[in-house]
Amino acid sequence: MPEALVITIEWITMGTLAILFVALLGLSLVYGERKVAAWFQQRIGPNRVGPQGILQTVADITKLIMKEPLTAGRSDHFLYNLAPFIMMLAPFIVISMIPYAKGLHILDMDVGVFFVTAVSGVGVLGVLLSGWASNNKYSLIGAMRSGAQIVSYELSAGLAILTVIVLSGSLQFSEIIESQREGWWIFRGHIPVWIAFLVFLISGTAETNRGPFDLAEAESELTAGFHTEYSGIKFAFFFLAEYVNLFIIVSIAATVFLGGWMPFHIGGLDGFNAVMDYIPPIFWFLGKVTFLIILIMWFKWTFPRLRIDQILTLEWKYLLPISLVNLVLVAFITLMGWYF
Amino acid sequence: MSQDIIMNPDGTQEYFINMGPQHPSTHGVLRLVLTLDGEIIEKVEPHLGYIHRSIEKMCEKDNYRQIIHLTDRMDYLSAHMNNHAVCLAIENGLSVEVPERAVVIRTIMDELTRISSHTLWWGVMGMDLGAITSFLYGFRDHEHITEIFEETCGARLTMNYNVPGGVMFDLHPDFVKKTKAFLADFKTKLPEYDTLLSNNVIFLERTKGVGILTKEMAISYGVTGPAGRASGFASDVRKHEPYSKYPNVDFKEILYTEGDTFSRYKARIDEMWESIKIIEQLIDVIPEGDFVAKTRNVIKLPKGEFYQKVETARGELGVFIVSDGKMQPYRMKFRSPGFSNLSALNEMAKGGKIADLVATMSTLDLVVPDIDR
């Protein structure tokens, strides 16, 4: 076979797999969220469609697909219809960068972390476009809030990842994971990495527009914020993008701080490490991701929402200075070799 | 629109937004026209009338027994108190002696209604601030009381249990047992409310120092109920012009001085504790005897004017009857707490953010049918 054909076939296969994966991810995360919410709220959650209600989200998505794709009358039709796709663009690209197990990734760039941070910035464009093009004041306020919020929180999220990059000395995901063979960075890096991890969790939650930072779509204030005017499958795209973004943030946190697919190792204890290796890497990865997802859902279903000025205060007056000082601290620790 | 667009010195413009009639946090068909400068609120203008059913006019066509049914539909979360107010006004006119049993039952029912209304408010308040879980928690406790009501009155929301001279039926045999069980359970659940919302850092940040209503403002706008008392306006009708069994029970009038969203929140939480106290004092000493006094089938009030006010979950409800001696009142007027409380919203929300407006409005505990009637 000519090389061009091989590459084309590979791309198409990978693309299809990525789309399938995203679809499945969306379905399972929406179902998971509803079950977790029910669990916090003394309810049962979906339990009618299929065993334990697992087909509920399938039914919901089917309904959304079958709805008429409405375009709001006085909107900017081109941008209005483009926005949901831009929302989906960033997650699709980033999902290809995540290492699910040893060697199980679509791309492994040598500047992987940088690439992920850069690409996930595209998502905010979709929010701003949808808010502007909808020609609705609620959407506009939501989009403006979201713009201010995502752009701010990307700073401290980036700085939080940088701490581990300083420690591991690489921007490549596979090497960051490999550097955690003796133990995950969260255990080896002392308190500064803990701080970075917490900062990343907070700013990651804010970047994905989830509660308590969900004020871009603040239901009780702006009805639905930037996607007020969207319905049917276009709305589903926004919804899906939110959940895929959640997965992405969580997998980056798991990869960078918790060792990704790397089993729980303690440097020096070879017998213990060998036992841990019996659990396949994919389960380690999924286990960590599930844990963090439930943690973030817990935030959402417990905390009230912050106000826009409080969100910006939190970022610019607290998280950003903390991250900056923290980064210097980690650089010093690395220089002196004071980590385990 | 009455607004003239004002240009700011830096070339930006104020804009207005229609919050409602269909909006998740106006809790009904209330329409607020907000004049905004970015996120900051310059003016709040309530537009009423979307659920006006002309209850006051309908009262002029109905006889006195029928009027009570209409009042359920005003402030549907304080249905008992509304009925109670009308019955007291009619009884004043007729000079009927209400049996002691009925008086105690009415008081207990009023306080249960207050708790159920406040639990629901608490849940909705959390939801308005973005903590959806509290809504389910609030409803859980609300449901217990609704079940108690259902057994005795046969209805869950529009009870219409009071009749001139007493109450419609005797208590259900399980009433005392179930109410006691509920109180014991609720006393363990109320601290949960504090752990979920009242002690939460984000919640405190969102509510403290927000939406301040001074005592002078509260008095001049006639803001009553927990909202007024949070500003230091001692307006508890149960204390100052007691009716039914309230002179004989021991309870505190909750007063705060800050007048912000948090003290309005706190006032309601504390009121639930006081209501528990009142019910506990009465539940064991419900006297035996008749539950309704004998009245004539067709009630005719003597010529004159009759006024009665009660403390509902939202504040002071006044019932004013002008009678010309016929079967129907000549004119009937309700002084509903929601209407006066809403009128002060502009003062409280001005200068705050949209999110502050939602929090403030939530602590006013508006029930739109009560505002429009």
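## A hairpin to start with

Let's begin at a turn in chain B: B:Gly38 takes a positive phi near 70° in the hairpin of β2(B) and β3(B), which has two residues between the strands. Strands here are DSSP runs of E with at least two residues, helices are runs of H or I with at least four, and both are numbered from the N terminus.

Before going on, a word on what you are looking at. This is a predicted model, in which local features need pLDDT of at least 70 and side-chain atom pairs count only at pLDDT 80 or more, while totals for chains, interfaces and linings use all residues. Residues are numbered from 1 along each chain as its sequence is written, and chains are lettered from A and ligands numbered from 1 in the order in which they are written.

## The sheet around that hairpin

The hairpin belongs to an open sheet of three strands in chain B, with the order β1-β2-β3 and antiparallel pairing. Two strands count as paired if DSSP finds at least two bridges between them. Which strands sit at the edges? They are β1 and β3 (40-47) of chain B, each pairing on one side only. On average, neighbouring strands are turned by 25° against each other, direction ignored.

Now for the pairings. β1(B) and β2(B), residues 31-37, run antiparallel and are joined by five bridges, while β2(B) and β3(B) pair in the antiparallel sense over seven bridges. B:Leu32 is a handy residue to find: in β2(B), this residue is the bridge partner of B:Met19, and B:Leu32 also stands opposite B:Pro46 in β3(B). As background, strands of a sheet pair through backbone hydrogen bonds, either parallel or antiparallel.

## A second sheet in chain B

Further along chain B there is another open sheet of three strands, ordered β6-β7-β8 and paired antiparallel. β6 (304-311) and β8 (331-335) of chain B each have a single partner strand, so one side of each is left without a neighbour in the sheet. Here the average turn between neighbouring strands is 10°, direction ignored.

Eight bridges link β6(B) with β7(B), residues 316-323, in the antiparallel sense. You can spot B:Gly304 opposite B:Ser323 in β7(B). Helix α3 (residues 79-94) of chain B packs on this sheet, touching β6 and β7 of chain B, and its direction makes about 145° with that of β6(B). For such angles, axes are lines fitted to C-alpha atoms, for helices over the stretch in contact, and the angles run from 0 to 180 degrees between N-to-C directions. Contact, by the way, means that the C-beta atoms of two residues, placed from the backbone, lie within 7 Å.

## Helices side by side in chain A

Over in chain A, helix α3 (residues 77-95) and helix α5 (residues 123-133) pack at an angle of about 165°, with their axes 7 Å apart. That makes α3(A) roughly antiparallel to α5(A), a label used for angles over 145 degrees. Residues of α3(A), among them A:Leu82 and A:Ile86, meet residues of α5(A) including A:Leu125 and A:Leu129. What kinds of residues make this contact? Eleven are nonpolar, three polar and none charged. Nonpolar covers Ala, Val, Leu, Ile, Met, Phe, Trp, Tyr, Cys and Pro; charged covers Asp, Glu, Lys and Arg; the others, Gly among them, are polar.

α5(A) has another partner too: its axis and that of helix α6 (residues 137-168) of chain A come within 7 Å and cross at roughly 160°. So α5(A) is roughly antiparallel to α6(A). Among the residues that meet here are A:Trp132 in α5(A) and A:Met144 in α6(A). This contact divides into nine nonpolar, six polar and no charged residues.

## Two domains in chain A

Chain A is divided into domain 1 (1-66) and domain 2 (77-336), with bounds from an automatic or database domain assignment. Their centres, taken over C-alpha atoms, are separated by 20 Å. In this pairing, 15 residues of domain 1 are in contact with 17 residues of domain 2. Which element gives the largest share of domain 1's side? α1(A) does, with twelve residues. By class, that side has 13 nonpolar residues, one polar and one charged.

## Where the chains meet

Finally, 25 residues of chain B are in contact with 24 residues of chain A. The largest share of chain B's side, four residues, comes from α7(B). That side has 13 nonpolar, six polar and six charged residues.

How values were computed:
Parallel < 35°, antiparallel > 145°, perpendicular 65-115°, else oblique.
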